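This report introduces a structure to a reader who has not met it before. The sequence and the model are shown first, and a description follows.

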Amino acid sequence: MSGSMRLTVVGCSGSYPGPESPASCYLVEAPDEAGRTWRIVLDMGSGSLGALQRHADPLGIDAVFLSHLHADHCLDLTGYYVLRRYHPSGPQPRIPVWGPVGTAARMARAYDLPPEPGMNGEFDFRVYDDHAVEVGPFSVQPVAVDHPVPAFGLRVTAGGRTLGYSGDTGDCPGLHAIAEHADLFLAEASFVSGADNPTGLHLTGAECGDAARRAHARRLVVTHVPPWHDPQEALTAARASYDGEVVLATAGAVYEV
């Protein structure tokens, strides 16, 4: 790959897998100064592990970052545990999995494992704090956002370029921090403008566009639209509130950040 950071949309369906896409999962790749390509995964939601194998060797992933512990963002880590533990070439080295407090216990419970050892032999579970995480050429800054469970957006920087990922969130100060001057802002649009939407849960397409405009993001990719909504409506609403480049995430799409 070139010297830039690359984003591949593995899955972008909101809340549950849809007919065209798994749930949330994003592959981010960037080279280090020696030319070695590093690969991190942002979220591993329902159905995503199968699709990930179209884009990367799952044994070549360097770290996983979970925005929060709802199934559509984390559940396929259970399959990834099986792949790494029982691979015919032998158990694979532990890799870091970053997430909110309780990630290790949540994943053990999801696969009906005892809390100890749970998946700790396969994954080095680490808990977000206020500091950026360094993985190869990547610096990943977790930012707390507004959702019913502990949740984080992620601001990923490599090679002088910045990707902002909203995770799942309502409009909040953290969202602005994630998007500020981002070269690519990946923002969820689960809600439809004009509906009686609860606060502190998700964004509309219009709110995605407004956040991108206020934060002077250079490009907006709208994602996480549930299958029960028309994604074109979210795209149209985002374009109405932001005059930069706006596209709709689709499974398999690749963006040079």
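Across which strands does helix H7 lie, and at about what angle does H7 run to E13? In this predicted model, helix H7, formed by residues 231–241, lies across E12 and E13. The direction of H7 makes about 170 degrees with that of E13.

**The sheet**

These strands belong to an open sheet of seven strands in the order E7-E8-E9-E10-E11-E12-E13, and the pairing is mixed. Strand E7 (133–135) and strand E13 (245–248) stand at the edges with a single partner strand each, so one side of each has no neighbour in the sheet. On average, neighbouring strands are turned by 20 degrees against each other, direction ignored.

**Strand E12 and its partners**

Strand E12 covers residues 219–223 and pairs with E13 in the parallel sense over four bridges. E11 and E12 also run parallel and are joined by four bridges. The table lists residues of E12 with their partners in the adjoining strands.

| Residue in E12 | Partner | Strand of partner |
|---|---|---|
| Arg219 | Glu245 | E13 |
| Val221 | Val247 | E13 |
| Leu220 | Phe185 | E11 |

Is E12 enclosed or open to the surroundings? Five of the five residues of E12 are buried, so the strand is largely enclosed by the rest of the structure. In a regular strand, side chains alternate between the two faces of the sheet. Arg219, Val221 and Thr223 point one way from E12, whereas Leu220 and Val222 point the other way.

**The connecting helices**

Helix H6, residues 205–214, packs on the sheet and touches strand E11 (184–188) as well as E12. The direction of H6 makes about 150 degrees with that of E11. Together, E11, H6 and E12 form a right-handed β-α-β unit. A right-handed β-α-β unit is likewise made by E12, H7 and E13.

**A buried loop residue**

Gln92 is located in the loop between helix H3 (77–86) and strand E5 (95–99). Why does Gln92 count as buried? The relative accessibility of Gln92 is 17%, and the residue counts as buried because the limit is under 20%. A polar atom of the Gln92 side chain lies 2.7 Å from the backbone oxygen of Gly90. Neighbours within four places in sequence left aside, Gln92 is in contact with Leu59, Arg84 and His87.

Terms used
Residues numbered from 1 in each chain as written. Predicted model: local features only at pLDDT ≥ 70, side-chain atom pairs only at ≥ 80, totals over all residues. Heavy atoms only, no water. Pairing = 2+ DSSP bridges. Helix = DSSP H or I, 4+ residues; strand = E, 2+ residues; numbered from the N terminus. Axes fitted to C-alpha atoms, helices over the stretch in contact; angles between N-to-C directions. Contact = heavy atoms within 4.5 Å. Buried < 20%, exposed > 50% of the residue type's maximum accessible area, 1.4 Å probe, protein only. Polar contact = N/O pair within 3.5 Å; in protein donor to acceptor, adjacent residues only side chain to side chain. Right-handed = clockwise from strand over helix to strand, strands pointing away.
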